[in-house]
Amino acid sequence: MNYIRTGLLLAGLTALFGVVGMMIGGQQGMIIALLFAGAMNVFAYWNSDAMLLRMRSARQVDDRTAPELVSMVRELSQNAGLPMPKVYVVENPQPNAFATGRNPENAAVAATTGLLKLLDRNEIAGVMAHELAHVKNRDTLTMTITATIAGAISALANFAMFAGIFGGHRNDNNNPLGGFGMILVAILAPLGAMLVQMAISRTREYQADKMGAEICRHPLWLASALNKLDKGVHAIPNQDAERNPATAHMYIANPLSGKGMDSLFSTHPDMANRIARLKAMTVPVTDQTVDQPAHSGPWQTQSRNQNTRRQRRRPWN
């Protein structure tokens, strides 16, 4: 059902883009707008991951520079049946993480230094599993296309605003609604695009939470992480995200200040709702789950027997 809803929302967003083009230039304008959207999506498909990582000044890590994190992601990737993604660390004090890439074979996951300092190993595993769920569901591509079309609609709307103000008095058959209509479109189109973008983002976050819990095999690891992240993102601003809010939906927690409500204008579901859903999931503790390390600190190591005892105690209680 989530996939159907996402597909319908994407179709609606594309149609909105075509409508804006039609309002500006009639049928010819609609065709040009749709062709332009297609070209932008092709560019985003091949370049979105590198662009986002470059914007965040992310540095790639490996078994030598961050062995614990890379080993964790490798193990979780095997659980998810995914190829090993590239792993990045972003120098940012706000605890957060994101995934990017056009497909599982060209994916990357990134965590901020703030996240690695704040969360323990169990919680980091839960977060990385959530990001791998986005990769498995190809949400990274979906959200990139969504952001690209929404941004293009906003750009067209700005053009429509100027055209309506300075050229609306002309009787041009390519402008079916006249100057007032173009101004109205310029106001309503970006709002509609934003609402659709937010709806798609919230839908994908719930699904990634569920699948992420299944990948790490412990829903409460992710629930505990989300609880800490919710407090951390409100306490520590993310200046990079504030300067470029169009990428806020890529993060596991909304990095923007003042937008934590589960409303039409939020990129993420309410954190309390997400945590409640995770707590409602039950995963029996079996010998199979021992493979997932349960450490009390971010980068400590323990024996297999210690892992088993810690899982029985459930450190999040």
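**Figure 1. The buried salt bridge between D209 and R274 in the predicted model.** D209 is buried in this predicted model, with a relative accessible area of 3%. The side chain of D209 meets that of R274 in a salt bridge, with an N to O distance of 2.7 Å. D209 belongs to helix α6 (residues 178-216) and R274 to helix α9, so the pair links distant parts of the chain, 65 residues apart. R274 is likewise buried, and its relative accessible area is 1%.

**Figure 2. The buried side of helix α9 and the start of this helix.** Helix α9 spans residues 271-280, and its buried residues are M271, R274, I275 and L278. These residues lie on the same side of α9, because they cover an arc of only 95° around the axis. In general, an α-helix has 3.6 residues a turn, so residues three or four places apart point the same way. At the start of α9, D270 places a side-chain oxygen within 3.2 Å of the backbone nitrogen of A272.

**Figure 3. A salt bridge within helix α6, and a network of shared partners.** The side chains of K210 and E214 form a salt bridge with an N to O distance of 2.9 Å. Both residues lie in helix α6; they are 4 residues apart and therefore separated by about one helical turn. E214 is partly exposed, at 44% relative accessibility, and K210 is also partly exposed, at 40%. Elsewhere, E205, D209 and R274 are joined into one network by salt bridges that share partners.

**Figure 4. The salt bridge between helices α2 and α4.** A search of the whole structure finds 8 salt bridges. One of them joins the side chains of E68 and R121, at 2.7 Å from N to O. Helix α2 (residues 67-80) holds E68 and helix α4 (residues 121-136) holds R121, so this pair ties together parts that are 53 residues apart in sequence. The two partners differ in exposure: E68 is partly exposed at 23% relative accessibility, whereas R121 is buried, with a relative accessible area of 5%. In general terms, side chains of opposite charge can pair when their charged atoms come close.

**Figure 5. The surroundings of N92 in the loop between β2 and β3.** N92 is placed in the loop between strands β2 (86-90) and β3 (97-100). Although situated in a loop, N92 counts as buried, because its relative accessibility of 6% falls under the 20% limit. A polar contact of 3.1 Å connects the side chain of N92 with that of N238. Leaving aside residues up to four places away in sequence, N92 touches T112, T113, G114, N238 and D240. N238 thus appears both among the residues touched by N92 and as the partner in the polar contact.

**Figure 6. A nonpolar surface patch that includes M55 of helix α1.** F43, M51 and M55 make a nonpolar surface patch of about 270 Å². M55 lies in helix α1, which comprises residues 2-55. The relative accessible area of M55 is 33%, and this residue is partly exposed.

**Figure 7. Two loop residues with positive phi, S57 and R217.** S57 is not a glycine, yet its phi is positive, at about 55°. This residue lies in the loop between α1 and β1 (59-61) and counts as exposed, with a relative accessibility of 57%. R217, also not a glycine, has a positive phi of about 70°. R217 is found in the loop between α6 and α7 (219-235) and is partly exposed, at 25% relative accessibility.

**Figure 8. The protein chain as the setting of the close-up views.** The secondary structure comes to 10 helices and 4 strands. From the N terminus on, these elements run α-β-α-β-β-β-α-α-α-α-α-α-α-α. Of the 317 residues in the chain, 51% are buried. Among contacts between residues at least 6 apart in sequence, 69% join residues at least 24 apart. The accessible surface of the chain comes to about 14,900 Å², and carbon and sulfur atoms account for 59% of this area.

How values were computed: Residues are numbered from 1 along each chain as its sequence is written. This is a predicted model: local features need pLDDT of at least 70, side-chain atom pairs count only at pLDDT 80 or more; totals for chains, interfaces and linings use all residues. Side-chain values use heavy atoms; hydrogens and water are left out. Patches are made of residues with over 30% relative accessible area and no salt bridge: like charges are joined within 9 Å, nonpolar side chains (Val, Leu, Ile, Met, Phe, Trp, Tyr) within 5 Å. Accessible areas come from the Shrake-Rupley method with a 1.4 Å probe; for residues, only the protein chains shown count as cover. A salt bridge is a side-chain nitrogen of Lys or Arg within 4 Å of a carboxyl oxygen of Asp or Glu. Helices (H or I, at least four residues) and strands (E, at least two) are DSSP runs, numbered from the N terminus. Buried means under 20% relative accessible area, exposed over 50%, partly exposed in between (1.4 Å probe, protein chains only). The arc is that of the directions from the helix axis to the C-beta atoms. A polar contact is a pair of N or O atoms within 3.5 Å; within protein, one must be able to donate a hydrogen and the other to accept it, and residues adjacent in sequence count only if both atoms are side-chain atoms. Contact means heavy atoms within 4.5 Å.
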